[in-house]
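Subject: Structure for you to look at, with notes

Dear colleague,

I am passing on the structure we spoke about, with the sequence and the coordinates together below. My notes follow, so that you can read them with the model open.

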Amino acid sequence: MSKSVGKTRFYIYAIALLPFILLLTTGVIMLYYHTGAPAASLFGGYDGQFWLSFHKIIAVITSPIILLHLFVKTDWVKNFFSLKVKGRFKAANILLFILYSFCLLTAFGSWLIFDDQFISDMLGGIHNKLGLLLILLFVIHIWNYRKLIISQFKKI
C-alpha cells in the first residue's frame, strides 16, 4: 500500500472516530432515560427529547461514515461475505461488524419502518442491549489497533 493510500485511510478512520464516539456517548445518555428517568428531566441541561433527536441525527451522520470505513477495507468485506476473513483480530472484527449491522437495523427499524408501537418498542429494546455490547466491542476494537493508531499519528 502506498503512503498516500495509507494516509487517506487513516484520515477516513480519524473522521469516523468522532461521530462514532458521539453516537456511543449519546447512546449512553439515552440509557438514563430508558431506565426510567422522565423524558422531561434534564441531563447536561437538555431533556430526553433533545438527546433522542441528537442521537438520531448523529446516527444518520455516522452510518455513511462507517460504511466508508468499511469501503476502504473492501478486501476485508469481500472476505467476510466469502467466509475467508483472516487476521489477528478477525473474531472481534467479525463480531463488531455483525453487532453494528444488527444495531443499525433495529434502530432504523424502530424509528422508520414499523408503525406498530409494540414492534417498535421491542426493536428499540433490542437496540439498547446491542448498543451496550457495541460500546464494549468498539473499545476492544480501538484497543486492538492502538499500536497502529499511535504509529499513524506519529507519522502524520
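In what order do the elements of the chain run from the N terminus on? They run α-α-α-α-α-α, and the chain has six helices and zero strands, where helices (H or I, at least four residues) and strands (E, at least two) are DSSP runs numbered from the N terminus.

Please keep in mind that this is a predicted model, in which local features need pLDDT of at least 70 and side-chain atom pairs count only at pLDDT 80 or more, while totals for chains, interfaces and linings use all residues. Residues are numbered from 1 along each chain as its sequence is written, and side-chain values use heavy atoms, with hydrogens and water left out.

On confidence, the chain has a mean pLDDT (the predictor's confidence in each residue, from 0 to 100) of 84, and 96% of its residues reach 70 or more. Confidence is lowest in helix 3 (residues 74–81), with a mean of 72, and highest in helix 5 (residues 117–144), at 89. Where pLDDT is low, the predicted coordinates should not be read in detail.

As for overall dimensions, the C-alpha atoms fill a box of roughly 50 × 35 × 20 Å, taken along the principal axes. Of the 156 residues in the chain, 34% count as buried, where buried means under 20% relative accessible area, exposed over 50%, and partly exposed in between (1.4 Å probe, protein chains only). Among contacts (heavy atoms within 4.5 Å) between residues at least 6 apart in sequence, 61% join residues at least 24 apart.

The interior comes next. A nonpolar core is a set of buried Ala, Val, Leu, Ile, Met, Phe, Trp, Tyr and Cys residues joined through side-chain atoms within 4.5 Å; the largest one here has 14 residues, and Phe20, Leu23, Leu99, Tyr100 and Leu134 have the most contacts inside it. Helix 1 (3–34), helix 2 (48–71), helix 4 and helix 5 each supply at least two residues of this core. Leaving aside neighbours within four places in sequence, Leu99 is in contact with Leu130, Leu133, Leu134 and Leu137.

Ser110 also lies in helix 4 (residues 90–113), and it counts as buried because its relative accessible area is 11%. Not counting residues up to four places away in sequence, Ser110 touches Ser120, Leu123 and Gly124; the C-alpha atoms of Ser110 and Gly124 are 5.8 Å apart in space, although the two are 14 residues apart in sequence.

Helix 2 deserves a paragraph of its own. The expected span of a helix is 1.5 Å times one less than its number of residues, so the 24 residues of helix 2 should span 34 Å, and its end C-alpha atoms are indeed 34 Å apart. There is nevertheless a kink of about 25° at Thr62, shortly before the proline Pro64, the bend at a residue being the angle between axes fitted to the seven residues ending there and the seven starting there. The buried residues of helix 2 include Trp51, His55, Thr62 and His69.

Finally, the aromatic side chains. Rings of Phe, Tyr and Trp (its six-membered ring) pair if their centres lie within 6.5 Å, with planes under 30 degrees apart counted as stacked, over 60 as edge-to-face and the rest as tilted. By this rule the count comes to eleven aromatic pairs. The rings of Phe43 and Trp51 have centres 6.3 Å apart and planes at 85°, so this pair is edge-to-face. The rings of Tyr46 and Trp51 are also edge-to-face, because their planes lie at 90°, with the centres 6.0 Å apart. Trp51 is buried, at a relative accessible area of 11%, whereas Phe43 is partly exposed at 33% and Tyr46 is partly exposed at 42%. These three belong to one aromatic cluster, formed by Tyr32, Tyr33, Phe43, Tyr46, Phe50, Trp51 and Phe54.

With best wishes
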